[in-house]
Amino acid sequence: MNAAYFSANYRQARQRFVEAAVAAGMTVQTHAHPLPGAEGEALAMDVARGGGFDAPALLIVSSGCHGVEGYAGSAVQNAVLADAALLGAAQAAGVALLFIHALNPHGYSHDRRVTHEGVDLNRNWVDFTRPLPANPGYDALAPLLLPEHWPPGPEVQAGLMAYAQAHGPRALQQAISGGQYRHPQGLFYGGTAPTWSHLTLRRVLRQHGRGCRRLGWIDLHTGLGPSGHGERILAARPDPDTVQRARAWWGADGGSVTALHDGSSSSAELEGMMWQAAYDECPQAEFTGIALEYGTLPLEATVGALRADHWYAAHPEAPADGRAQARQAMRDAFYVATPAWQQQVLDQGLAAVRLGVAGLSGA
Ligand SMILES: [Zn+2]
């Protein structure tokens, strides 16, 4: 039964999401993407809302910010949409629900983490009218991360090891994943302008998030931390009231909320995070948000998959079999298709949504 919430590809995920939303009595709003998908299918950011525009509180549940991570996020959305008791509890508590499916549908369809612009959507929310953030660590590592030839030779791996030994593994993770704005073909690239997903999400938030007094957001991710564990990472301004509120809501079941600013998260500190959009577009609301980040494979494996993915994207002349292997490695790095992992994802996703509803209702 639970396996049915997980889809084999973007096209199936989209179809299931639309069916689940309609079955829950919601209408689906489609924001069409300008490009076709990997199989020629139509791409879109689809939005379904449960609850009126006069609801005092709104909880966003979003998937696919990082494309390929949408396999898990989409399944959680389906499970919530199928949970009549949870939907009923939200309605009774005055909490409207907003499901945003495939924030980055192009990445999802192509099993990539970045958007069609080559941009990490969760590094794309900086002020582009000002000088962009520097990342000298990434500048130093760039030729090693994406060397001339693939797979990389032993001297390339030795260079990365030397950086880790000189600065520590945490500094290596920070340099690679913190976000960079100088290497358009590189990893964790934040771009030079708002992406299609960025602009579209702003429109969705303007339409749906301007009427509520309290706004919550659970943004579903994969690829960091122990396999199957859903880390609740603060995805909001780390001011004391917001931190306290997030920890009260999502710690109510004995769980914990980690944060980037105090080093308690398995994530590095990041530039240009997407939650900025909630403050920009819904300034009237008290905002509380988390990323729910499910572990998959060890960090070295996910970074290895990302390097190959970016290398092949930058080398259209490279052989097709290597490219297909790299795509499969991306899927495997961000989606563990075993029943045990899937069950962990659903259980923790549903729990986070229940806690979010309870927090927003003031219960
Ligand atoms: Zn992610």
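Before comparing helices, I fixed my angle terms: under 35 degrees counts as roughly parallel, over 145 as roughly antiparallel, 65 to 115 as roughly perpendicular, and the rest as oblique. My axes are lines fitted to C-alpha atoms, for helices over the stretch in contact, with angles from 0 to 180 degrees between N-to-C directions.

**Ground rules**

I am working with a predicted model, where local features need pLDDT of at least 70, side-chain atom pairs count only at pLDDT 80 or more, and totals for chains, interfaces and linings use all residues. Residues are numbered from 1 along each chain as its sequence is written. I took helices (H or I, at least four residues) and strands (E, at least two) as DSSP runs, numbered from the N terminus.

**Entry: helix α6**

I started with α6, residues 154-167. Its 14 residues reach 20 Å from the first C-alpha to the last, close to the 20 Å expected at 1.5 Å a residue; the expected span is 1.5 Å times one less than the number of residues. I then looked up burial (buried means 20 or more other C-beta atoms within 10 Å of a residue's own, exposed 12 or fewer, partly exposed in between, with C-beta atoms placed from the backbone). α6 is hardly covered, with a count of zero buried residues. After the helix comes Gly 168, with a positive phi near 100 degrees.

Upstream, in the loop between α5 and α6, I found Pro 151. A cis peptide bond joins Trp 150 to Pro 151, with omega about 0 degrees.

**Entry: α7 and its two neighbours**

How do α6 and α7 cross? Their axes come within 6 Å and cross at roughly 120 degrees, α7 being residues 169-177. The two helices are therefore oblique to each other. For contacts I used C-beta atoms, placed from the backbone, within 7 Å. On the α6 side I noted Tyr 163, Ala 164 and His 167, and on the α7 side Pro 169, Ala 171 and Leu 172. I sorted residues with Ala, Val, Leu, Ile, Met, Phe, Trp, Tyr, Cys and Pro as nonpolar, Asp, Glu, Lys and Arg as charged, and the others, Gly among them, as polar. This contact has five nonpolar residues, one polar and no charged.

Next I checked α5 (residues 136-145) against α7: the axes come within 8 Å and cross at roughly 85 degrees. That makes α5 roughly perpendicular to α7. Gly 137, Tyr 138, Leu 141 and Leu 145 of α5 meet Ala 171, Gln 174, Ala 175 and Ile 176 of α7. Here the split is six nonpolar, two polar and no charged.

**Entry: the sheet**

I traced an open sheet of eight strands with mixed pairing, in the order β1-β2-β4-β3-β5-β8-β6-β7; I counted two strands as paired if DSSP finds at least two bridges between them. At the edges are β1 (28-32) and β7 (257-258), each pairing on one side only. β7 runs parallel to β6 (residues 230-234), and two bridges join them. Arg 232 stands opposite Val 257 of β7. Helix α9 (residues 240-250) packs on the sheet, where it touches β6, β7 and β8 (286-295), and its direction makes about 55 degrees with that of β8.

What does β8 pair with on either side? With β5 (residues 214-227), it runs parallel through 10 bridges; Trp 217 has Gly 289 of β8 as its bridge partner. With β6 it runs antiparallel, joined by five bridges, and Gly 230 stands opposite Tyr 294 of β8. β8 is mostly covered, as nine of its 10 residues are buried.

**Entry: Phe 287**

I picked Phe 287 in β8. It is buried, with 21 other C-beta atoms within 10 Å. Not counting residues up to four places away in sequence, Phe 287 touches Leu 215, Ala 236, Ala 278, Tyr 279 and Cys 282. Its C-alpha is 35 Å from that of Thr 338, 51 residues apart along the chain.

**Entry: positive phi outside glycine**

Most residues other than glycine have a negative phi, and I noted two exceptions here. Ala 102 has phi near 60 degrees and sits in the loop between β4 (95-101) and α4 (105-109). Ala 102 is buried, with 29 other C-beta atoms within 10 Å. Phe 188 has a positive phi of about 55 degrees and is found in the loop between α7 and α8 (196-208). Phe 188 also counts as buried, with 28 C-beta neighbours inside 10 Å.

Notes. Two residues are in contact if their C-beta atoms, placed from the backbone, lie within 7 Å.
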